[in-house]
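Here are my notes on this model, set out as numbered points. Please read them with the coordinates open.

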Amino acid sequence: MNWSGLESLLSGVNKYSTAFGRIWLSMVFVFRVLVFVVAAQRVWGDESKDFVCNTRQPGCTNICYDHIFPISHIRLWALQLIFVTCPSLIVMAHVKFREGKDAKYVEQHHGSHLYSNPGKKRGGLWWTYLLSLILKAGFDASFLYILYKIYDGYDLPRLSKCSLDPCPNTVDCFISRPTEKKIFMLFMVVSSALCIFMCLCEMLYLVGKRIAKLVKIRHQNEQILFAAVRSSEPLHLFSQEVGRLEDITMSLVEANQETVLWPKTMEMASLGLSVP
């Protein structure tokens with residue numbers, strides 16, 4: 001299998017990932033893909049050829065091997081790596097979709113952009129990235145559970161007993177290099193557990209950062225609203241004061257008019273003229 005092609009494809013995810021995502025990708029390729037390609041395939045290359053049972057009954061060894069190894073570790077880990085790395089391709093596909101959409105928008109609106117940064121985790125891309133983390137952690141956990149159930153707690157015994165047909169009786173079967181294989185199996189299990197932990201840390205980081213941003217925006221909105229209310233209070237008091245002054249002015253004007261008109265009225269009455 002050509003793992004270099006997968007590595008070159010996923011290397012573009014780094015520029016869209018957080019620091020936790022970059023650490024996760026480094027762990028996948030250094031502690032899992034590299035160990036898988038360089039060492040694990042050679043260690044498990046003789047699992048079928050050097051599997052021996054103390055019987056000459058035709059077919060007994062094959063049946064016992066299939067019972068002890070329902071699925072090869074190498075093929076199971078290959079499937080696990082493929083499933084775990086695929087969610088990152090979903091993020092890349094979403095970014096490429098946004099870049100194409102932005103390019104069409106620029107052509108139609110003469111240079112104005114739809115997205116300031118298509119790779120920035122906002123809106124739908126944030127949810128896509130979070131979904132990819134859930135899928136990666138879920139796939140890793142599922143394969144660890146499958147490996148645990150198949151091999152009875154990540155154990156490779158030196159001696160296995162088998163009594164399946166067509167074996168004439170209970171026979172003893174021996175795995176080649178069981179200690180070395182068990183060490184590599186535990187190493188891959190620990191690497192998968194660390195990758196799950198990094199995914200959980202990244203999920204907590206993304207959700208915590210989103211919550212902190214929402215709280216900050218809400219606090220800023222409350223400050224703006226409070227400032228607007230405080231600034232409207234003096235205007236309200238000023239309008240009330242202006243109304244009160246207008247009432248006083250009107251009353252003074254009316255009193256002044258009465259003061260001016262009273263002498264004229266007395267003078268006209270003394271002359272026998274009618275008072276208007």
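1. Before the loops are discussed, a word on terms: helices and strands are here DSSP runs numbered from the N terminus, with helices (H or I) of at least four residues and strands (E) of at least two. In these terms R177 is found in the loop between β3 and α6. The model is predicted, and the points below should be read with that in mind.

2. The secondary structure of the protein comes to six helices and three strands, and from the N terminus on the order of these elements is α-α-β-α-α-α-β-β-α. Among contacts with a separation of 6 or more, 76% join residues 24 or more positions apart. Buried residues account for 33% of the 276 residues, while the exposed surface of the protein is about 17,600 Å², with carbon and sulfur atoms supplying 64% of it.

3. The UniProt record, an unreviewed entry, places the feature "transmembrane region" at residues 21–40, 76–95, 126–148 and 183–208. In the model, residues 21–40 are 100% helix and 0% strand, with end C-alpha atoms 25 Å apart; residues 76–95 are likewise 100% helix and 0% strand, and their end C-alpha atoms lie 30 Å apart.

4. The largest nonpolar core has 54 residues, and F51, C64 and W77 have the most contacts inside it. The elements giving two or more residues to this core are α2 (19–43), α3 (60–68), α4 (73–108), α5 (124–150), β3 (171–174) and α6 (178–270). Leaving out residues up to four places away in sequence, C64 touches F51, C53, C162, C167, V171 and C173.

5. Is C162, one of the residues touched by C64, buried or exposed? C162 counts as buried because its relative accessibility is 2%, where the cut-off for buried is under 20%. C162 lies in strand β2 (residues 159–162) and, neighbours within four places in sequence aside, is in contact with C64, C167, N169, T170, V171 and C173. The C-alpha atoms of C162 and I68 are separated by 8.6 Å, although these residues are 94 apart along the chain.

6. Two backbone features deserve a check against the coordinates. The peptide bond from D165 to P166 is cis, with omega near 10 degrees, and P166 is found in the loop between β2 and β3. R177, a residue other than glycine, has a positive phi near 50 degrees; with a relative accessibility of 38%, R177 counts as partly exposed.

Conventions. Residues are numbered from 1 along each chain as its sequence is written. This is a predicted model: local features need pLDDT of at least 70, side-chain atom pairs count only at pLDDT 80 or more; totals for chains, interfaces and linings use all residues. Side-chain values use heavy atoms; hydrogens and water are left out. Buried means under 20% relative accessible area, exposed over 50%, partly exposed in between (1.4 Å probe, protein chains only). Contact means heavy atoms within 4.5 Å. A nonpolar core is a set of buried Ala, Val, Leu, Ile, Met, Phe, Trp, Tyr and Cys residues joined through side-chain atoms within 4.5 Å. UniProt positions are given in the numbering used here, feature names are shortened, and annotations may be inferred rather than shown by experiment. Accessible areas come from the Shrake-Rupley method with a 1.4 Å probe; for residues, only the protein chains shown count as cover.
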